[in-house]
Amino acid sequence: VIKCKAAVAWEAGKPLSIEEVEVAPPKAHEVRIKIVATAVCHTDAYTLSGADPEGCFPVILGHEGAGIVESVGEGVTKVKKGDTVIPLYIPQCGECKFCKNPKTNLCQKIRITQGKGVMPDGTSRFTCKGKQIYHFMGTSTFSEYTVVADISVAKIDAAAPLDKVCLLGCGISTGYGAAVNTAKVEPGSTCAVFGLGGVGLAVIMGCKIAGASRIIGVDINKDKYAKAKEFGATECISPQDSKKPIQEVLVEMTDGGVDYSFECIGNVGVMRAALEACHKGWGVSVIVGVAASGQEISTRPFQLVTGRTWKGTAFGGWKSVDNVPKLVTEYMSKKIKVDEFVTHTLPFDKINEAFELMHSGK
């Protein structure tokens, strides 16, 4: 058993608490990882808020991390002690019908136990002050050591800087993949990206790499425009600058609508606007943001009857074990940006400040 520091969420709506936790050794088909760096994501904050119906407490949150394998359980063959890895909240077992289908990346092998906050055998590897602590998204990266299933880990280039590539565990991969895998953006196309946070910037990057000729960033926070343009946005607009609905503004700007739109916020009203900003006949809108539980999307069916397509994406459609190492290689060869997404680097015990910076849009 390893004793280490972790940021424990004891209950919903309260700040994380830095505690000493015990991390049990990995069982069969499990891997124990020394986490070197982790990022914070709105999904962690959503669960912490208490709004997530799958949220269970006390829990160690975090799902964008990178580290080094400390030890492996019986039967683990893909990684060994000392390997550099990224934990994966969407695993890839290679055996279930989802893994065998090229149309999806949504491996279901450990979905039920992962959703309940436990390892595949139904138990936890974390204890603190004599209490069992739940796992989160199969990763729990807000701990100096974590245990994950062996299908939830990608071995990556040992030379990669872990304080940067940890972002490929969720946000950057999700946005980039939404553009190149889910939408399949084409050269010369016109795109609109709603929400210019980390995921939105990654979508812009993907659209640019795919050869889009016009990329319109949409956000009410104008402080984000300069960064969006660095990533490839050709122009940026705010819904608050017009009396007309934003979809009407975009339709006018683009002679009938955009070829591709992306919703990167998780707001069902914006999801509708993003669909309706698409061009009749061929426009495709991709939902990337995760809306709160129980919310529903709506539009007039005529929007779809007249040739628009509504799609969604999780982790950018990447089959995780196969593709995360390739994304790291693309970063190392400067095909994709990663460093530019990092705004602040904080010590682990300042993790609550990291959440404050995220909520304030900084």
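Okay, quick definition before anything else: two strands pair if DSSP finds at least two bridges between them. Keep that in mind for the sheet, and keep in mind too that this is a predicted model.

So, strands 7 and 8. Strand 7, residues 126-128, is joined to strand 8 by 3 bridges, and the two run antiparallel. With at least two bridges needed for a pair, these strands qualify, because there are 3 bridges between them. If you want one contact to click on, take Cys128, whose bridge partner in strand 8 is Lys131.

Now zoom out. These strands belong to an open sheet of 5 strands, in the order 4-1-2-7-8, with antiparallel pairing. Which strands sit at the edges? That would be strand 4, at 59-60, and strand 8, at 131-133, each of them pairing on one side only.

On to the charged side chains. There are 16 salt bridges in the structure, and I'll walk you through a few.

First up, Arg32 and Glu70: their closest N and O atoms are 2.6 Å apart. This pair ties together distant parts of the chain, with Arg32 in strand 3 (residues 30-39), Glu70 in strand 5 (residues 64-72), and the two positions 38 residues apart. Is Arg32 buried or exposed? Buried, because its relative accessibility is 6% and the cut-off is under 20%. Glu70, on the other hand, is partly exposed at 22%.

Next, Lys80 with Asp83, where the closest N and O atoms come to 3.1 Å. Here Lys80 counts as exposed, at 51% relative accessibility; exposed means over 50%. Its partner Asp83 is buried, with a relative accessible area of 7%.

Then there's a pair inside a helix: Arg272 and Glu276, with closest N and O atoms 2.7 Å apart. Both sit in helix 9, residues 268-276, and they are separated by about one helical turn because they are 4 residues apart. Arg272 is partly exposed at 28%, while Glu276 counts as buried at 15%.

Salt bridges can also join up beyond a pair, as you can see here: Lys27, Glu30, Asp121 and Arg125 are linked in a network.

Last thing, the annotation. UniProt, in an unreviewed entry, puts a domain called "Alcohol dehydrogenase-like C-terminal" at residues 198-327. In the model, that span is 38% helix and 15% strand, and its end C-alpha atoms lie 16 Å apart. The helix 9 pair I showed you, Arg272 and Glu276, has numbers that fall in that annotated range.

Okay, that's my tour. Over to you.

Notes:
Residues are numbered from 1 along each chain as its sequence is written. This is a predicted model: local features need pLDDT of at least 70, side-chain atom pairs count only at pLDDT 80 or more; totals for chains, interfaces and linings use all residues. Side-chain values use heavy atoms; hydrogens and water are left out. A salt bridge is a side-chain nitrogen of Lys or Arg within 4 Å of a carboxyl oxygen of Asp or Glu. Buried means under 20% relative accessible area, exposed over 50%, partly exposed in between (1.4 Å probe, protein chains only). UniProt positions are given in the numbering used here, feature names are shortened, and annotations may be inferred rather than shown by experiment.
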